[in-house]
Every structure is written in C-alpha cells, then in structure tokens.
Amino acid sequence: MKHFVSVDNLDETKVLELIKRAQYFKNGGQINLNRAVYCVNMFFEDSTRTHTSFEMAERKLGLNVLSFDPKQSSVNKGETLYDTLLTMDALGVDLAVIRHAENEYYQELITPSADKTLDIGILNGGDGSGQHPSQCLLDLLTIYEEFGKFAGLKIAIVGDITNSRVAKSNMELLHRLGAKLFFSGPKYWYSEAFERYGEYRPLDELVAEIDVLMLLRVQHERHQGDQNELVFSPTKYHQEFGLTKERYQKLKADAIIMHPGPINRDVEFASELVESKKSRFKAQMQNGVFMRMAMLEQVLKGRGLGGENK
Ligand code: CP
C-alpha cells in the first residue's frame, strides 16, 4: 500500500499477514531496502509511545530518521500542513508519520490530483478522534498472542469512547473480525452510533464474562466546553467505571486487561494493577514497535523501496 492511514480496508487476511510480519520482526527478522530511505515523524499532538515506538521501528528497519518539531517549524508562520509535506517531499523524504488534531487530516495528502505533485508515503499516528491504526493493530497482535483468534472473543471497550480514536479503530476492526463487543463507561461519553458494533452494558455486569477488558484514557484535553468535565471527579469515575481491585477479582482466570496509555492511574486503572498478572499494558507497548515495523514495511513495499526478508 502507498499509505497506511486507517483500518478501513483491512480484512482478516491482511490483519493476519501484518501479525505474521510483526512476529517475524519480533523474532529478530530484518528486511532489505532497495536504497537509502528517509522518514520524518511529525507529531502535531503530544505523544510518548507512538512517536518513540515509530522511531524505534524505523531505526530497526534501517531507515534514516529526520527530526521535526512543529513548535519550531514554519507552521508557526502559517504554513499549511500540505505545504509542510510538499517541503518534505521536495527535500527527498520518502515517508512521513503524522499525528494531528484534525480528523482525516490525511485526505488532502493522499488524494491524487491533476494539479498537485505531492508524493510521500503517509502513516497515520492518530487523527483527532478519528483513527489510530497502529494502536489498533498492536492491540490486535497482543490479543492474538493471547487467544490465537478474534472471532467469538468477548471484548469490553470502557470509558471515554466518544473522544477515543483507539476505540474507533478497535471497534471497527474487531467487529469486522467477528469479536463480540460490549461498551461501558459514562453514558455521556457514549453514542448510539456505536450500537452497530456492540451492546452497552454496565461494567459490573460484564467483568465476569469478558475475555478482554479494554480501558480507555479519560481525554481531558478534548473536553473543552463539556459540562461533565467541570464536575469530573477522579475518585467517582474510578468507583463507577474504573478497574478496581474488586472488579479485578471477578475477571475470568484467563481474561486480560489492556490500556493504550497514557494511563490516568487510579482513574481508569487502579495503580497497583497496572503491572498485575492480567495486565498487558507493557506487552502492548513492546508489541507496538514490531507492529509498526510491519506497517512501515507495507508502505515501503507499496513504494518499491524494500521489503524482502534478509
Ligand atoms: N497510545 C498512544 O497513542 O500513546 P501516546 O499518546 O503516548 O503516543
């Protein structure tokens, strides 16, 4: 593929191919590059995991990684995102990993046009409340390593669903792969639009029957103007919608807990459970590097830049 911006066109065959490639990289596999490849990571929204993990993946693949700090760029002089990417393209950059606050910011960068010459591979590191394909795929790798399948698994997505791009990508792809999805958390951060993917249920009804508990971060930075933010109580949220010690005890013996990070400790996730036996928080971050290598390989292949096993 020429770009990797969403999970929209991924089917089970493609997901399993990406998982196999991520496992190849996890086992130390390497690929050939056809020439020197240049990559830039452009994060217009804050990130620790996705940014560093993509950079680690790029370096492990042998790409040349350019730094870009939006706060010290000509974006501050009013340069558009398109012109910023046109500049990268002109300089000889092959791939750009972008995180941006605007949903579907990537459309104007990947849609061919007779009067435009921009040709740079775009990987989406998260767009507003839209999609987060690399987080979704590393989550799927983590689930697959545990259960070896997706169909029939009972998965609860819990928390600030409306504002979560992780939730959007995961509900879309896991539903397509046959998982049975449930939603829980505050009704004010839930939308009827999610009903096509799964059923809303109180968390206490769900904990004893699910295979995967997927906790979401409360995204305070996206709550401007939200009346619920004004009265938000971390303690109350934790008691009503968080993973407490009591709920942990009720989980099935082989159930796992996931969180995309960053965690609001003692809000979504009791601090003492973050590294507990059932938690896969660290495994998710470890898997992120290898799944991002697999995603980068897809775009390298799509652009004739490399991709055969070494
Ligand atoms: N999960 C995730 O996207 O984390 P960062 O915001 O730290 O990249």
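1. Two strands are said to pair if DSSP finds at least two bridges between them. With that in mind, one may start from a single bridge of this predicted model: the partner of Ile 155 in strand 9 is Val 212. The two strands concerned, strand 6 (residues 154-158) and strand 9, pair in the parallel sense over four bridges.

2. That pairing belongs to an open sheet of five strands, which has the order 8-7-6-9-10 and parallel pairing. Its edges are strand 8 (198-200) and strand 10 (256-258), each of which pairs on one side only. Between neighbouring strands of this sheet the average turn is 20 degrees, direction ignored.

3. Towards one edge of this sheet, strand 7 (residues 180-184) runs parallel to strand 8 and is joined to strand 8 by three bridges, and Leu 181 has Gly 198 of strand 8 as its bridge partner. Towards the other edge, three bridges likewise join strand 9 to strand 10, again in parallel, with Met 258 of strand 10 as the bridge partner of Met 214.

4. Strand 9 deserves a separate look for its side chains. Which residues of strand 9 (residues 212-215) point one way, and which the other? Val 212 and Met 214 point one way while Leu 213 and Leu 215 point the other way, and all of them are buried.

5. A second open sheet is formed by four strands in the order 3-2-4-5, and here too the pairing is parallel. Strand 3 (64-66) and strand 5 stand at the edges with a single partner strand each, so one side of each is left without a neighbour in the sheet. Neighbouring strands of this four-stranded sheet are turned against each other by 20 degrees on average, direction ignored. Within this sheet, strand 2 (residues 38-43) and strand 4 (residues 95-100) run parallel and are joined by five bridges, and Phe 43 stands opposite Arg 99 in strand 4.

6. The domain assignment of the chain gives domain 1 (12-131 + 286-309) and domain 2 (133-281). Their centres, taken over C-alpha atoms, are separated by 27 Å, and the contact takes 21 residues from domain 1 and 17 residues from domain 2. On the side of domain 1 that touches domain 2, helix 1 (12-26), helix 2 (49-61), strand 5 (121-127) and helix 11 each supply at least two residues. By class, that side of domain 1 has six nonpolar, 11 polar and four charged residues.

7. The largest nonpolar core has 80 residues, and those with the most contacts inside this core are Ala 96 and Ile 157. Helix 11 (residues 281-302) gives the most to the core, with nine residues. Why does this core lie between domain 1 and domain 2? Both domains give residues to the core, so the core lies between them. Leaving aside neighbours within four places in sequence, Ala 96 is in contact with Val 40, Met 42, Leu 85, Met 88, Ile 120 and Ile 122.

8. Finally, Pro 133 lies in helix 5 (residues 133-147). Is Pro 133 buried or exposed? Because a residue with 20 or more other C-beta atoms within 10 Å of its own is called buried, Pro 133, with 26 C-beta neighbours inside 10 Å, counts as buried. Not counting residues up to four places away in sequence, Pro 133 touches Phe 4, Ser 6, Val 7, Asn 124 and Ser 169. Gly 62, by contrast, is 71 residues from Pro 133 in sequence and 22 Å from Pro 133 in space, C-alpha to C-alpha.

Technical notes:
Residues numbered from 1 in each chain as written. Predicted model: local features only at pLDDT ≥ 70, side-chain atom pairs only at ≥ 80, totals over all residues. Axes fitted to C-alpha atoms, helices over the stretch in contact; angles between N-to-C directions. Core = buried A, V, L, I, M, F, W, Y, C linked by C-beta atoms within 7 Å. Buried ≥ 20, exposed ≤ 12 C-beta atoms within 10 Å, placed from the backbone. Domains from an automatic or database assignment. Contact = placed C-beta atoms within 7 Å. Nonpolar A, V, L, I, M, F, W, Y, C, P; charged D, E, K, R; others polar.
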